[in-house]
Amino acid sequence: MNATDLRLKAWTPAVPRKIPDNIVSSSYTTTRAFVPSYEKEKEPRIEQLLSNEYQRIWWQEKLAWDKTVTAKKIASKKILPRKMIKRKVPTCVTVKYPTREERLKDKKRKEFKKKSNENLKTEETIFAKHSDTKFKKRKEMKFKKQEETKSKNCEEIKSESCEETKSENCEETKSQNQYKETKSEQVEEAKSEEGEETKSENYKETKSEKCEETKSEEREETKSEKYADAKSEEREETKSEKNAEAKSKEREKTQLENSQDTKGEKYKEKN
């Protein structure tokens, strides 16, 4: 390797490259950054690092820097915010002033608005007064009607109470007379009922005796009929059993005879 190659490959510190800023309102290019004094020293000191002396120096210098720089910024703060382009106003533009006719029109409009507002206010006040009077009249009419209805109701109640008392007295007298009449009728009815009850009891007793006699006779007849039927059924059953036994015996005899005959014939044929 040549000495020229080593020189080219030697290390160089990086430097920030400033990008061109075309915005007119920005003050980024002109503002100064805060740099503490100990950065200008060539070699740092270990004693100050261990004792945090660099931190104390940084805070002290930063406060002094803020006081000086912020005071200047507040005094001359007429710059637009960043990233806002300041447009240049052309000098050849003429200012248009309103003519006499336009001024008169503006005055007429303002006067018309004032009058309309005043008219609206007066109408509102009149309407409010009119509505209050109407409300009062309605209240008075309602109160009068309520009083009239109350008086009518009181008169009706009084008349009804008088009629009710009269009707109650009449009903009481009628009820007393009816009670007396009903008492006398009840006494007569009780007497007649007692007589009828005695007659009906006697009639019922006689009827019940006759019914019992007839029932006992019918029971005896039914018992005798049932007894005769049962006897006849028993006789028929015994007869049928006897006939069946006789028939079975005869069949057995005939079967034995037939078997004996067949045996004898077979014996003869063999001989």
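This report describes the helices, salt bridges and surface of a predicted protein model.

**Overall architecture**

The protein contains 4 helices and 0 strands. Read from the N terminus, its elements follow the order α-α-α-α. Helix H2 covers residues 46-50 and helix H3 covers residues 53-75, while helix H4 spans residues 100-270. Of the 271 residues in the protein, 2% are buried. The accessible surface amounts to about 28,400 Å², and carbon and sulfur atoms supply 54% of that area. Among contacts in the protein with a separation of 6 or more, 60% are between residues 24 or more positions apart.

**Helix H2 and the loop that follows**

Helix H2 includes Gln48 and Leu49. Gln48 has a relative accessible area of 18%; because the limit for a buried residue is under 20%, Gln48 is classed as buried. When neighbours within four places in sequence are left aside, Gln48 is in contact with Glu53 and Tyr54. Leu49, by comparison, has a relative accessibility of 48% and is therefore counted as partly exposed. Together with Ile46 and Leu50, Leu49 makes a nonpolar surface patch of about 350 Å².

Between helix H2 and helix H3 lies a loop that contains Asn52. The backbone of Asn52 has a positive phi of about 55 degrees, although Asn52 is not a glycine. With a relative accessibility of 48%, Asn52 counts as partly exposed.

**Salt bridges**

The count of salt bridges comes to 3. The table lists each pair with the distance between N and O atoms.

| Pair | N to O distance |
|---|---|
| Arg56 and Glu53 | 2.0 Å |
| Asp66 and Lys62 | 2.9 Å |
| Asp106 and Arg109 | 3.8 Å |

In helix H3, Arg56 and Glu53 are 3 residues apart, so about one helical turn separates them. Arg56 has a relative accessible area of 46% and is partly exposed. Its partner Glu53 also counts as partly exposed, at 22% relative accessibility. Glu53 thus takes part in a salt bridge with Arg56 and is in contact with the buried Gln48 of helix H2.

A further pair in helix H3 is formed by Asp66 and Lys62, whose side chains meet in a salt bridge. These two residues are 4 residues apart, which means that about one helical turn lies between them. Asp66 is partly exposed at 28% relative accessibility, and Lys62 is partly exposed at 22%.

The remaining pair belongs to helix H4, where Asp106 and Arg109 lie 3 residues apart, about one turn of the helix. Asp106 has a relative accessibility of 36% and counts as partly exposed. For Arg109 the value is 56%; because the limit for an exposed residue is over 50%, Arg109 is classed as exposed.

**Summary of the picture**

The model is a protein of 4 helices and 0 strands, with 2% of its residues buried. Helix H2 holds the buried Gln48 and contributes Leu49 to a nonpolar surface patch. Helix H3 carries the salt bridge of Arg56 with Glu53 and that of Asp66 with Lys62, and helix H4 carries the one between Asp106 and Arg109.

Conventions:
Residues are numbered from 1 along each chain as its sequence is written. This is a predicted model: local features need pLDDT of at least 70, side-chain atom pairs count only at pLDDT 80 or more; totals for chains, interfaces and linings use all residues. Side-chain values use heavy atoms; hydrogens and water are left out. Buried means under 20% relative accessible area, exposed over 50%, partly exposed in between (1.4 Å probe, protein chains only). Contact means heavy atoms within 4.5 Å. A salt bridge is a side-chain nitrogen of Lys or Arg within 4 Å of a carboxyl oxygen of Asp or Glu. Patches are made of residues with over 30% relative accessible area and no salt bridge: like charges are joined within 9 Å, nonpolar side chains (Val, Leu, Ile, Met, Phe, Trp, Tyr) within 5 Å. Accessible areas come from the Shrake-Rupley method with a 1.4 Å probe; for residues, only the protein chains shown count as cover.
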